[in-house]
Amino acid sequence: MKKLRYPFGTITITDKTKQLVNGALDSGRISGGKLVREFERGFAKLVGTKEAVAMSSGTDADALALAVLYDLGAKRGDEVIVPSLSFVATGNAVLQAGFIPKFVDIERTTLNIDPKKIEAAVGPRTRAIMPVHLMGKPADMEAVNRVAKKHKLLVVEDAAEAQSGTYRGKEIGTLGDMAAFSLYIAHVISTGEGGIVATNNPEYANTLRSLRAHGRACKCETCMMSVSGGHCDKRFKRGTDIRFIFERVGFSAKMNELEAAIGLGYLDIYPKIFAARLRNFKYIHKQFAALKPHLLTIDPVAGEEMAPYAFPVLVPPGAKFTRDQLMTYLEDNGVDTRSLFLSMPTQCPGFSFLGHKLGEFPEAEYCADNGLHIGLHQDINEEHIDYFIELTKRFLTGKI
Ligand SMILES: Cc1ncc(COP(=O)(O)O)c(C=O)c1O
């Protein structure tokens with residue numbers, strides 16, 4: 001069998017991106033301005049929200065969306081419910097925003113927050129739920145929203161891995177109060193590095209624009225000096241320069257024009273990228289059926305479209321090999337693999353100060369120890385997938 005390279009992620013740079021980057025470089029305006037606004041509008045249109053606010057990373061998108069809670073009366077040290085299994089950014093963002101993560105175990109069959117366990121995690125200081133649509137699989141948003149409504153909690157979707165998925169006919173990103181996306185290169189739409197929060201609430205969008213720029217009072221679209229050509233009617237209306245009034249504790253998390261240019265290139269050819277990823281997603285799920293029950297994955301169910309982000313693999317209990325042996329074999333043969341993250345509270349040392357003990361989140365810990373994922377992006381095709389399946393068959397039958 002011919003050895004192939006099967007990379008985890010890719011970046012697509014279009015001619016439009018090159019033109020826009022050159023234009024920005026020639027103009028000398030690199031910091032966030034009209035390209036960022038154009039990208040935000042295009043992204044919001046794609047997701048189907050009124051607003052989208054771009055940031056420097058998906059982690060910032062999570063953190064700043066949560067920091068909006070302070071405008072709604074939350075206090076530092078209040079709690080945000082999150083699944084125990086996710087990329088560590090989810091938990092980091094809660095802490096960076098000044099809140100305490102309240103972890104809930106996941107379901108092994110979906111990799112997402114266990115809907116039966118959410119309500120028990122609500123306490124007097126709980127202010128929000130941040131479900132994660134891990135591996136593009138929509139979380140049970142009906143359950144999340146039911147608990148949120150009953151206890152008056154904000155819902156922020158961590159949609160970092162779920163751009164273009166749908167749940168009961170609705171686009172991921174429109175299912176809560178805000179949704180945070182990552183635009184890192186492994187994701188369906190990328191700006192190289194970056195993140196973006198989508199919302200239908202214009203007030204939240206204004207607050208997010210303030211939060212990403214140090215908490216400044218100058219936050220509406222027309223106040224962006226580089227968009228308005230340097231003039232702002234409101235600038236001195238509050239007795240002093242509005243750009244130096246800081247209304248809230250802010251972050252420095254702006255996207256720049258060069259990143260937005262990459263994102264605009266992606267939006268331009270989005271149908272092609274999405275079609276290629278979807279084709280890969282459907283093909284790998286079909287071919288992988290031959291490996292069950294020796295290996296497992298997460299399948300879509302009726303009423304949802306999983307986002308074609310990545311393909312998770314779980315080693316079932318009782319297997320005669322370990323996840324690490326399978327990963328090593330795939331890597332040695334050119335297939336990039338990533339583990340299936342960690343149980344943040346019990347397997348990430350940075351969270352040990354919260355006092356959780358190994359064994360507290362058995363499903364998350366099982367998936368972390370026994371799961372891996374590989375890419376599904378636009379620069380791989382059926383040949384790569386056939387190669388991965390054949391390699392895995394050889395591994396399982398000992399013909400390596
Ligand atoms: C579930 C989840 N949340 C948040 C993030 C953070 O995104 P970024 O790497 O852009 O900061 C990621 C990264 O891919 C992620 O997978």
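Here are some short exercises on the structure above, each with a worked solution.

Before you start, note that residues are numbered from 1 along each chain as its sequence is written. The model is predicted, and local features need pLDDT of at least 70, side-chain atom pairs count only at pLDDT 80 or more, while totals for chains, interfaces and linings use all residues.

**Exercise 1. Describe the overall build of the chain.**

Step 1. Start with the secondary structure: the chain has 13 helices and 15 strands. These are DSSP runs numbered from the N terminus, with helices being H or I of at least four residues and strands E of at least two.

Step 2. Turn to the dimensions. The C-alpha trace spans about 75 × 55 × 35 Å along its principal axes. The radius of gyration of the chain is 22 Å, which agrees with the value near 21 Å for a compact globule of 400 residues. This radius is taken over C-alpha atoms, and the globule rule is 2.2 Å times the number of residues to the power 0.38.

Step 3. Look at burial. Buried residues make up 50% of the 400 residues. Buried means that 20 or more other C-beta atoms, placed from the backbone, lie within 10 Å of the residue's own.

**Exercise 2. Find the two domains and describe where they touch.**

Step 1. Domain 1 covers 15-268 and domain 2 covers 271-397; these bounds come from an automatic or database domain assignment. Their centres, taken over C-alpha atoms, are 26 Å apart.

Step 2. In domain 1, 30 residues are in contact with 29 residues of domain 2. Contact means that the C-beta atoms, placed from the backbone, lie within 7 Å. On the domain 1 side, β3 (85-86) and β7 (166-167) each supply at least two residues.

**Exercise 3. Work out what surrounds the ligand.**

Step 1. The shell has 15 residues, and the closest are Ser-57, Gly-58, Thr-59, Ala-160 and Ser-182. A residue counts if its C-beta atom, placed from the backbone, lies within 6 Å of the ligand.

Step 2. Two or more residues come from each of α3 (58-67) and α4 (89-96), and α3 gives the most, with three.

**Exercise 4. Is helix α6 enclosed or open to the outside, and what packs against it?**

Step 1. Eight of the eleven residues of α6 (residues 202-212) are buried, so the helix is largely enclosed by the rest of the structure. Among the buried ones are Tyr-204, Leu-208 and Leu-211.

Step 2. The buried residues of α6 pack against β1 (51-55), α3, β9 (178-182) and β10 (195-199). From α3's stretch, Leu-64 touches Leu-208, Leu-211 and Arg-212, among others.

Step 3. Past the helix comes His-214, with a positive phi near 70°.

**Exercise 5. Locate the largest nonpolar core and follow Leu-35.**

Step 1. This core has 117 residues, and Leu-64, Leu-66, Ala-128, Ala-180, Ile-196 and Val-197 touch the most other members. A nonpolar core is a set of buried Ala, Val, Leu, Ile, Met, Phe, Trp, Tyr and Cys residues joined through C-beta atoms within 7 Å.

Step 2. Helix α2 (residues 34-47) gives the most to this core, with seven residues. Both domains contribute, so the core lies between them.

Step 3. Leu-35 is found in α2 and is buried, with 27 other C-beta atoms within 10 Å. Its contacts beyond four places in sequence include Leu-20, Ala-24 and Leu-264. The C-alpha atoms of Leu-35 and Glu-259 are separated by 8.9 Å, although the two residues are 224 apart along the chain.

Technical notes: Two residues are in contact if their C-beta atoms, placed from the backbone, lie within 7 Å. A residue is buried if 20 or more other C-beta atoms lie within 10 Å of its own, exposed if 12 or fewer, and partly exposed in between; C-beta atoms are placed from the backbone.
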